[in-house]
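Reader: Could you take me through the inside of this predicted model, with a close look at one enclosed space and at the parts that surround it? I would like one connected account rather than a list.

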Amino acid sequence: MIDPVTLTQDLIRCRSVTPADGGALDVLEGALQPLGFFCHRLRFEESGAPAVENLYARLGTASPHFCFAGHSDVVPPGEGWARDPFSPTILDGVLYGRGAADMKSALAAFVAAVERTLANGPPKGSISLLITGDEEGPAINGTAKLMAWLEARGEKIDHCVVGEPTSVAHAGDTLKIGRRGSINFQVSVTGVQGHVGYPQKAVNPIPALAALVTQLSAQPLDKGNAHFDPSTLAFTSMDVGNSATNVIPGEARASFNIRFNDKHTPESLLGWALDRADRIAKETGTTIEFRHSVSGTSFLTQPGKFTQLVSDTVARVTGQAPVFSTSGGISDARFIKDHCPVIELGLVGATMHKIDECVALSEITRLTDIYAQLLTDYFLKPLV
Ligand SMILES: [Zn+2]
């Protein structure tokens with residue numbers, strides 16, 4: 001039998017700091033192949049980003065097709081660990097190591113859960129694992145390309161669980177059914193440089209930028225809705241870079257980020273910001289320009305049969321129905337949401353990306369139980 005703790009330890013020993021694989025996918029493949037999975041190793045290297053190893057493993061070809069998505073890469077350990085972050089250590093029932101929470105334990109829990117489920121016979125459908133080595137990095141040569149590759153092959157996923165550490169106190173207490181989107185803006189306000197003694201001959205961009213910052217920050221974007229908190233806007237910098245005390249600068253810059261719910265799109269937000277900027281530019285005689293980059297759009301898996309099934313399963317295993325949430329940052333679920341309903345269900349995220357990242361062994365067991373029950377329930381009452 002596969003012990004999810006031992007498998008997690010094997011994975012932690014692999015130094016898979018993005019974009020390195022460190023042998024992590026070999027460890028997974030080594031566990032999946034004996035279970036009958038057909039494994040594809042996919043190395044994507046286009047787009048000027050580091051080349052990344054990915055793994056797609058599928059058992060069976062029939063529908064329904066349940067996919068578990070996750071990542072084998074980890075963030076750099078940083079300084080100050082009490083022990084070697086890549087030598088997994090168990091102390092008082094807690095496993096320490098980089099990736100213990102995010103999310104090597106979840107990978108191991110799912111593989112162990114699959115083995116346990118297969119002991120009762122093959123699934124009435126198919127199970128796959130879609131594992132990227134590029135979640136913590138630029139996320140260019142990972143899940144997005146895996147999904148495109150699957151589509152090109154005509155493989156359709158019916159439902160997907162992402163094993164990100166989305167829980168709060170115990171594995172399964174929270175299901176992420178959506179995420180807010182994130183967009184970064186850079187503003188540049190151009191005026192006319194001049195002497196401070198002759199401000200009438202200059203156009204000072206600073207008051208224009210200050211007005212823009214005030215106006216964009218003051219107005220709430222929305223009030224949220226049944227599934228989402230209100231969208232938020234936060235300025236992250238204002239720069240003039242002018243060290244001269246006798247010069248009105250010609251340019252002022254600022255950056256801000258918007259975390260947005262499903263009431264907005266990147267286009268609608270850009271339009272909203274540009275509208276305000278145009279008015280201020282006219283009033284002040286400046287030119288205001290925006291650059292923006294979208295890290296992810298918002299999405300929601302509408303509560304329905306799939307969310308109910310997962311919720312019922314978690315409640316049966318843990319004795320408590322999970323909370324549906326859409327909070328937190330972005331995840332690779334953003335690349336899956338257009339292909340099939342996707343839910344995030346994993347470990348407690350408290351120590352993710354921190355030094356001395358850890359997970360309680362009891363939580364790995366609990367998550368393995370949840371995943372095993374979920375696979376059983378999923379194929380018992382097909383949703384498609
Ligand atoms: Zn993660």
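Author: The structure holds 1 cavity of 30 Å³ or more, and the volume of this largest cavity comes to about 40 Å³. Its lining is made by Ala69, Gly70, His71, Thr132, Glu135, Thr143, Val162, Glu164, Asp332 and Ile336, which divide into 3 nonpolar, 4 polar and 3 charged residues. The largest share of that lining, 3 residues, comes from strand β3, and it is therefore useful to follow this strand next, given that in a regular strand the side chains alternate between the two faces of the sheet.

Strand β3 covers residues 65-71, and 7 of its 7 residues are buried. His65, Cys67, Ala69 and His71 point one way from the strand, while Phe66, Phe68 and Gly70 point the other way. On the two sides of this description stand two partner strands: β3 is joined by 7 bridges to strand β6 (residues 126-132), and the two run parallel, whereas 4 bridges join β3 to strand β7 (residues 159-162), again in a parallel arrangement. Individual positions can be placed within this pairing, for Gly70 stands opposite Ile131 in β6, and Cys67 has Cys160 as its bridge partner in β7.

Two residues of the cavity lining, Glu135 and Glu164, also appear in the description of the largest pocket, which encloses about 270 Å³ of space. Of the 19 residues that line this pocket, the closest to its centre are Glu135, Glu164, Ile330, Ser331 and Met352. Its lining divides into 5 nonpolar, 6 polar and 8 charged residues.

The phenylalanines of β3 lead in another direction, since Phe66 and Phe68 belong to one aromatic cluster together with Phe110, Tyr371, Tyr378 and Phe379. Elsewhere in the structure, where a search finds 11 aromatic pairs in total, Phe256 and Phe290 form an edge-to-face pair, with 6.3 Å from centre to centre and 85° between the planes. This pair links distant parts of the chain, with Phe256 in strand β14 (residues 251-260) and Phe290 in strand β15 (residues 287-296), 34 residues apart. Phe256 has a relative accessible area of 1% and so counts as buried, and Phe290, at 14%, is buried as well. Back in the cluster, the ring centres of Tyr378 and Phe379 lie 5.0 Å apart with their planes at 90°, so this pair too is edge-to-face, and both Tyr378 and Phe379 are buried.

Phe379 also takes part in the lining of the second largest pocket, along with Thr117, Asn120, Gly121, Pro122, Pro123, Lys124, Leu375, Thr376 and Leu380. That pocket holds about 190 Å³ of space, and helix α9 (residues 361-380) gives the most to its lining, with 4 residues. The division here is 5 nonpolar, 4 polar and 1 charged.

Two aromatic rings are also found with a charged side chain over them: Arg83 lies over the face of Tyr96, at 4.4 Å from the ring centre, and Lys201 lies over the face of Tyr198, at 5.4 Å from the ring centre.

Definitions and conventions. Residues numbered from 1 in each chain as written. Predicted model: local features only at pLDDT ≥ 70, side-chain atom pairs only at ≥ 80, totals over all residues. Heavy atoms only, no water. 1 Å grid on protein atoms, 1.4 Å probe; cavity = no way out; pocket = protein on both sides within 12 Å on 5 of 7 lines; lining within 4 Å. Points joined across faces, edges and corners; volume = space filled by probe spheres on them. Nonpolar A, V, L, I, M, F, W, Y, C, P; charged D, E, K, R; others polar. Buried < 20%, exposed > 50% of the residue type's maximum accessible area, 1.4 Å probe, protein only. Pairing = 2+ DSSP bridges. Phe/Tyr/Trp six-rings, centres within 6.5 Å; stacked < 30°, edge-to-face > 60°. Lys NZ or Arg CZ within 6 Å of the ring centre and 35° of its normal.
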